[in-house]
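Here are my notes on this one, as numbered points. Have the model open while you read.

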Amino acid sequence: MLYNEIGKTGMKVSALSFGASSLGGVFRNIKESEAINAVFTAVEGGMNFIDVSPYYGHYKAETVLGKALKEIPRDKYYLSTKVGRYGKDGVNTWDYSAKRVTDSVYESMERLNIEYIDLINVHDIEFQASLPGGLQKVTEETLPALVELKKKGVVGHVGITDLQPENIKWVIENVPAGTVEATLCFCHYSLNDELLNEYFDFFEQHNVGIINASPLSMGLLSSRGVPDWHPAPKSLVEACQKAVQHCAAKGYPIEKLAIQYAISNPRIATTLFSSANPDNVKKNIEYAEAPID
């Protein structure tokens, strides 16, 4: 396993890392004991970065992950969680206010059974863009609240996440230098989408570490295929399925190629994938450590 630093944070993390969204049953129903074992398998396999959010499964992912973390020495992993997106009784909610995000950090630590969060992210800032105050609320209220928690030693580093990198760029340009130390952007550095290439220079100039997510493009680059809710147009789904079939004909699973490709760029600190199945975790680690054919 290769290890890279996230920006200038000092956190050297595995090139392939563990996203805990699956632990919340986001993609399909899970067996809790198996999900906890998936976390153990990830850490034992060399993954030392774990990402989660209170939004995933509406607090379930953090709760399940917290049960696993009870059994893992704290110096074996870096932990990232998020603020801003929540939910209850199947209803999604958003709140980027200073008070709510501050409370959220402490609530997450309790669910996760930890006393310190290595990286706290503002979750999917595109949603705040459509709420009162727009993205200015992120720059003027959300991020300053998290910086205060950093000063108190509650969190180590502060970041932002979004599907749209142009939103991330705007926020970085409108806060004091060093406020945003990392960014998580998903589905934009994979075999079918290289949008992040356009932002590498900008992020590096601002000392912002880059975290990539979903190397399989939420199922596009998989033999299983996409879930019903996937936003990709039919033409892209069909094109990716042709790629799946081509790789299969060559005896080289597209999942393996997709993971190897996503982690091959040294400008990206780490790439997150998510699975509540320990066998899948082990297989993806093997893919990451094998040389590309």
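1. Start with Asp118: at 8% relative accessibility it counts as buried, because the cut-off for buried is under 20%. Keep in mind that this is a predicted model. Asp118 pairs with Arg74 in a salt bridge, with the closest N and O atoms 2.8 Å apart. Arg74 sits in the loop between α2 and β5 (78-83) while Asp118 belongs to strand β8 (residues 117-122), so the pair ties together parts that are 44 residues apart in sequence. Arg74 itself is partly exposed, with a relative accessible area of 29%.

2. That pair belongs to a longer list, as the structure holds 13 salt bridges. Another one is Lys169 with Glu173, at 2.8 Å from N to O. Here both partners lie in helix α6 (residues 165-173), four residues apart, or about one turn of the helix. Lys169 is partly exposed at 28% relative accessibility, and Glu173 is partly exposed at 44%.

3. Next, have a look at Arg267 and Asp201, whose closest N and O atoms are 2.5 Å apart in a salt bridge. Arg267 lies in the loop between α9 (254-262) and β12, and Asp201 in helix α7 (residues 200-205), so this pair ties together parts that are 66 residues apart in sequence. Salt bridges with shared partners also bring in Glu204, joining Asp201, Glu204 and Arg267 into one network. Both Arg267, at 33%, and Asp201, at 47% relative accessibility, count as partly exposed.

4. Which strands does β12 pair with? β12 (residues 270-274) runs parallel to β3, with four bridges joining the two, and also parallel to β11 (residues 209-213), with three bridges. Leu272 is a handy residue to click on: in β12, Leu272 is the bridge partner of Ser17 and of Ala213. The strand is mostly covered, with four of its five residues buried.

5. Is Ser53 buried or exposed? Ser53 is buried, at 0% relative accessibility, and is found in the loop between β4 (49-51) and α2 (60-69). A polar atom of its side chain lies 3.0 Å from the backbone nitrogen of Tyr55. Leaving aside residues up to four places away in sequence, Ser53 touches Glu62, Thr81, Lys82 and His123.

6. Last, the surface. Val26, Phe27 and Trp229 make a nonpolar patch of about 290 Å². Val26 lies in the loop between β3 (16-19) and α1 (32-44), and is partly exposed at 36% relative accessibility.

Definitions and conventions: Residues numbered from 1 in each chain as written. Predicted model: local features only at pLDDT ≥ 70, side-chain atom pairs only at ≥ 80, totals over all residues. Heavy atoms only, no water. Patch = residues over 30% accessible without salt bridge, like charges linked within 9 Å, V, L, I, M, F, W, Y side chains within 5 Å. Areas by Shrake-Rupley, 256 points an atom, 1.4 Å probe, with all protein chains shown as cover. Salt bridge = Lys/Arg side-chain N within 4 Å of Asp/Glu carboxyl O. Buried < 20%, exposed > 50% of the residue type's maximum accessible area, 1.4 Å probe, protein only. Polar contact = N/O pair within 3.5 Å; in protein donor to acceptor, adjacent residues only side chain to side chain. Contact = heavy atoms within 4.5 Å. Pairing = 2+ DSSP bridges.
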